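Welcome! Here is a short briefing to read with the structure open beside it, taken topic by topic.

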Amino acid sequence: MHQELDDVLDGNPPSFADLPRLGHLNRCLTEALRMTPPGWIFSRSVTSATELGGVQLPARTDVFWSPYLLHRLPDVFPAPDTYDPDRWLPERASSRQWKALLPFGHGSRKCIGDTFGMAEAALILAAIASHWRLVPDPHAPPARQTVSATMILRSLPVIALRRRPTFW
């Protein structure tokens, strides 16, 4: 990712126009969202009698589903607990994987800010990683994640190593 940022940005601040050329960075974000989606559980109400997975559900049945668990199905995502941004390379990612990737929900209740959030996250990551390398702090306790309405990373102990002078 650092090499891609150096090649694409050439020391300049990232802009929205740069995002299509930051393929690896975008794959890193996609993989991070696969592993830790912001919404970990969603609910829907069945509007009419239906069958789901061989089970008959009457109208008004509440159904819960978890992107967190869906993103860890080994038959959809091989080695699901391994961080592998290259699983999203065009030649590797299947349409089944893309359809199962639901970090922002799906359908009429999908987060309306998903595209903006991805662009914002990419620009922030590009701005930071262009000038800093973040490495795990070997002396800190492991990162902690808390589950409430959303999944929240409570700590991420890292050491920031300067790669080049910052533009801010």
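A residue counts as buried under 20% relative accessible area, as exposed over 50%, and as partly exposed in between. Aspartate 137 has a relative accessibility of 24%, so this residue is partly exposed. Please keep in mind that this is a predicted model. With that in hand, we can look at the cores, the helices, the pockets and a few single residues.

**Nonpolar cores**

- The largest nonpolar core has eleven residues, among them Leu5, Val8, Leu9, Leu19 and Leu22.
- Further along the chain, this core also includes Leu25, Leu29, Ala119, Ala122, Ala126 and Ala129.
- Helices α1 (2-9), α2 (23-35) and α5 (114-129) are the elements that give two or more residues to this core.
- The largest share, four residues, comes from α5.
- A second, separate core has six residues, including Val76, Phe77, Ala100 and Leu101.
- As background, nonpolar side chains tend to be buried together in soluble globular proteins.
- Alanine 122 shows some of the packing: leaving out residues up to four places away in sequence, alanine 122 touches Leu19, Leu25, Asn26 and Leu29.

**Helix α5**

- This helix has 16 residues, and its first and last C-alpha atoms are 22 Å apart, close to the 22 Å expected at 1.5 Å a residue.
- Which residues of α5 are buried? They are Asp114, Ala119, Ala122, Ala126, Ala127 and Ala129.
- The cover over these buried residues of α5 includes α1, α2 and β5.

**Helix α2**

- With 13 residues at 1.5 Å a residue, α2 should span 18 Å, and its end C-alpha atoms are indeed 18 Å apart.
- The buried residues of α2 are Leu25, Arg27, Cys28, Leu29, Thr30, Glu31, Leu33, Arg34 and Met35.
- What covers them includes α1, α3 (67-70), α4 (95-100) and α5.
- Arginine 34 sits in helix α2, and is buried because its relative accessible area is 0%, where buried means under 20%.
- Apart from neighbours within four places in sequence, arginine 34 is in contact with His71, Arg72, Phe77, Pro80, Thr82, Arg87, Trp88 and Leu101.

**The largest pocket**

- The largest pocket holds about 1,100 Å³ of space.
- Its lining has 31 residues, and those nearest the centre are Leu29, Ala32, Leu125, Leu153 and Leu156.
- Two or more lining residues come from each of α2, α5, β5 (132-136) and β7 (151-153).
- Helix α5 gives the most to this lining, with seven residues.
- Sorted by class, the lining of the largest pocket has 25 nonpolar, four polar and two charged residues.

**The second largest pocket**

- The second largest pocket holds about 310 Å³ of space.
- Of the 18 residues that line this pocket, Thr30, Trp98, Leu101, Pro103 and Met118 lie nearest its centre.
- Both α2 and α5 supply at least two residues of the lining, and the largest share, four residues, comes from α2.
- The lining of the second largest pocket divides into ten nonpolar, five polar and three charged residues.

**Backbone angles to look at**

- Most residues other than glycine have a negative phi.
- Arginine 60 is not a glycine, yet has a positive phi of about 70°.
- Look for arginine 60 in the loop between β3 (55-57) and β4 (62-65).
- Is arginine 60 buried or exposed? Its relative accessible area is 72%, so arginine 60 is exposed, as the cut-off for exposed is over 50%.
- Alanine 79 also has a positive phi, of about 50°, although it is not a glycine.
- The place of alanine 79 is the loop between α3 and α4, and its relative accessibility of 46% makes alanine 79 partly exposed.

**Back to aspartate 137**

- Where is aspartate 137? This residue lies in the loop between β5 and β6 (145-147).
- Not counting neighbours within four places in sequence, aspartate 137 is in contact with Pro157, Val158 and Ile159.
- Aspartate 137 and proline 85 are 52 residues apart along the chain, and 22 Å separates their C-alpha atoms.

Key. Residues are numbered from 1 along each chain as its sequence is written. This is a predicted model: local features need pLDDT of at least 70, side-chain atom pairs count only at pLDDT 80 or more; totals for chains, interfaces and linings use all residues. Side-chain values use heavy atoms; hydrogens and water are left out. A nonpolar core is a set of buried Ala, Val, Leu, Ile, Met, Phe, Trp, Tyr and Cys residues joined through side-chain atoms within 4.5 Å. Buried means under 20% relative accessible area, exposed over 50%, partly exposed in between (1.4 Å probe, protein chains only). Contact means heavy atoms within 4.5 Å. On a 1 Å grid over the protein atoms alone, a cavity is a set of points where a 1.4 Å probe fits but cannot get out, and a pocket is an open set with protein on both sides within 12 Å along at least five of seven lines; lining residues have an atom within 4 Å of a point. Grid points are joined across faces, edges and corners, and a volume is the space filled by probe spheres set on the points. Ala, Val, Leu, Ile, Met, Phe, Trp, Tyr, Cys and Pro count as nonpolar, Asp, Glu, Lys and Arg as charged, and the others, Gly among them, as polar. The expected span of a helix is 1.5 Å times one less than its number of residues.
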